[in-house]
Amino acid sequence: MSLETNSSKTKVCPTCGTRLSESATRCLVCGTEFNAKPEPKAAKKVEKSVQASRMPVVTLSLPAAVGIVAVVIVVAAVIVFFLLRARAPEGTFDPAITPTPSETPTATLPATATIPPTDVPTATLQPPFDYTVAAGDGTCSQIAYTFGISVQSIIITNNLASSCPISVGQVLKIPYPTPTIAPAATNTPLPVDATKQSCETVPITVQDGDTLSSISLNYAVPMDAIKEFNGLTTDNVFVGANLLIPLCFRAATPGATPTATIPPPYPAPNLLLPADGAAFTLANDVVTLQWASVGTLRDGEAYQITVEDITASQTRRLTDYVTDTKYIVPTSYRPKDNVAHILRWWITPVRQAGTDDQGQPIWAASGAVSDKRDFSWVGIAVEGTPNP
């Protein structure tokens with residue numbers, strides 16, 4: 001096998017160095033025209049000079065070119081970032097810096113002016129007014145009931161006898177009802193309040209099926225103590241009601257006691273009904289006296305009820321003993337006449353101190369005597385309406 005030799009001859013453009021065929025008269029690249037044939041030596045010199053002036057050729061693959069471009073872009077971005085940060089004015093927001101919150105001043109309100117207390121007006125007592133007794137007025141009790149005052153106030157204001165005799169056409173001085181003056185404030189609590197404050201209690205909620213009796217048996221506390229402590233007026237309790245069980249009134253645990261403990265004197269009972277100066281007639285055939293309990297009475301203790309007729313010619317007095325907090329005045333002590341009787345009553349806690357020769361208990365006071373109240377009684381029979 002022999003190598004073929006290229007017998008064609010070429011020449012080089014003196015302007016751009018492009019190699020052309022020897023017969024070419026014009027350069028296809030730069031357009032130089034060839035007029036005369038140069039000498040071979042001169043052509044070689046020109047070829048050498050043109051070859052010496054050419055730029056070196058650098059060949060890169062595509063991945064290498066892309067990587068170089070990416071590096072240049074990243075470097076340019078970093079340079080631009082630092083230039084902008086260096087030229088940024090003070091106060092420009094920088095996301096890398098967290099601003100420190102400033103404290104907001106609290107507005108101070110001006111002092112509120114203190115309003116002076118308003119003086120409580122004092123009730124001015126009005127003088128009694130004149131009233132002429134009419135034919136249908138009947139007795140002082142009816143007049144007192146009409147004007148809401150006590151019979152005793154009419155007797156005292158008009159300087160009448162205790163029987164309060166009046167006649168038709170007589171002019172009476174009728175006093176205005178006296179307002180009840182509230183007691184002065186004191187730091188010492190009342191006996192009832194002191195008992196409530198010092199008594200240990202258990203709060204309960206009334207459930208379905210509970211009664212006051214079952215609650216009393218469950219906690220061994222008397223029903224009267226639960227009622228009084230919670231301000232109940234009846235024995236009825238309702239589902240969902242909240243009650244306080246006073247454990248200080250719980251019955252003592254059975255057992256022998258070497259020495260009997262005598263309780264301290266009881267406070268004066270608080271009278272409830274009837275109100276002072278109340279009027280009753282034969283139509284009110286039941287007169288019930290009621291008072292508040294002073295505590296759980298022990299064996300041999302009771303309440304002494306004293307009722308006194310202060311209008312009778314000879315003062316009559318009724319004394320009886322009960323363990324309940326109410327008493328019905330017997331009919332034998334309510335005369336059936338047309339005279340207004342003024343009855344005065346009060347309550348005293350007592351304790352049995354022994355027995356007499358007939359086996360009756362001897363009672364001694366075991367507490368303070370209550371206040372005294374008056375009520376009037378007129379035993380007028382109500383006549384029936386005749387049938388036509």
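Start with helix α4, residues 151-158, where Val151, Ser153, Ile154, Ile155 and Asn158 are buried. Buried here means under 20% relative accessible area, exposed means over 50%, and partly exposed is what lies in between, using a 1.4 Å probe and protein chains only. Helices (H or I, at least four residues) and strands (E, at least two) are DSSP runs, numbered from the N terminus. What do the buried residues of α4 pack against? Their partners are α3 (140-147), β4, β13 and β15, where contact means heavy atoms within 4.5 Å. Just past the end of α4 comes Asn159, with a positive phi of about 55 degrees.

A quick word on what you're looking at: this is a predicted model, so local features need pLDDT of at least 70 and side-chain atom pairs count only at pLDDT 80 or more, while totals for chains, interfaces and linings use all residues. Residues are numbered from 1 along each chain as its sequence is written, and side-chain values use heavy atoms, with hydrogens and water left out.

Now follow one of those partners, β15. This strand covers residues 373-378 and holds Ser376. Is Ser376 buried or exposed? Ser376 has a relative accessible area of 1%, so it counts as buried. Setting aside neighbours within four places in sequence, Ser376 touches Ser141, Val151, Ala278, Ala279, Phe280, His341 and Ile342. Val151 is one of the buried residues of α4 we began with. As for Ala279, it sits 97 residues from Ser376 along the chain, yet their C-alpha atoms are separated by 4.8 Å.

Another partner of α4 is β4, which spans residues 171-174. This strand has two faces: Leu172 and Ile174 are on the covered one, Val171 and Lys173 on the uncovered one. β4 runs antiparallel to strand β3 (residues 129-132), and 4 bridges join the two; strands count as paired if DSSP finds at least two bridges between them. Within this pair, Tyr131 has Leu172 as its bridge partner.

The same two strands, β3 and β4, are also linked through side chains. Asp130 and Lys173 form a salt bridge at 2.7 Å, N to O, the term meaning a side-chain nitrogen of Lys or Arg within 4 Å of a carboxyl oxygen of Asp or Glu. Asp130 lies in β3 and Lys173 in β4, 43 residues apart, and the pair links distant parts of the chain. Both ends are partly open to the outside: Asp130 is partly exposed because its relative accessibility is 47%, and Lys173 is partly exposed at 37%.

How many salt bridges does a search of the whole structure find? There are 5. One of them joins Arg351 and Glu301, at 3.1 Å from N to O. That pair also links distant parts of the chain, with Arg351 in strand β13 (residues 341-355) and Glu301 in strand β10 (residues 301-309), 50 residues apart. Here Arg351 is partly exposed, with a relative accessible area of 23%, whereas Glu301 is buried at 5%.

A further salt bridge brings together Asp235 and Lys227, at 2.8 Å from N to O. Asp235 is partly exposed at 43% relative accessible area, but Lys227 is buried at 16%. Lys227 belongs to helix α7 (residues 223-230), where Ala225, Ile226 and Phe229 are buried as well. After α7 comes Gly231, with a positive phi near 70 degrees.

Next, an open sheet. 3 strands form it in the order β7-β9-β12, with antiparallel pairing. The edge strands, each paired on one side only, are β7 (271-273) and β12 (326-328). Between β7 and β9 (residues 288-291) there are 2 bridges, and Leu271 stands opposite Trp291 in β9. In general, strands of a sheet pair through backbone hydrogen bonds, either parallel or antiparallel.

Finally, have a look at the surface. Val71, Val75, Ile79 and Leu83 make up a nonpolar patch there, with about 350 Å² of accessible area together. Patches are made of residues with over 30% relative accessible area and no salt bridge, joining like charges within 9 Å and nonpolar side chains (Val, Leu, Ile, Met, Phe, Trp, Tyr) within 5 Å. The areas come from the Shrake-Rupley method with a 1.4 Å probe, and for residues only the protein chains shown count as cover. Leu83 is found in helix α2, residues 62-87, and is partly exposed, at 46% relative accessibility. An α-helix has 3.6 residues a turn, so residues three or four places apart point the same way.
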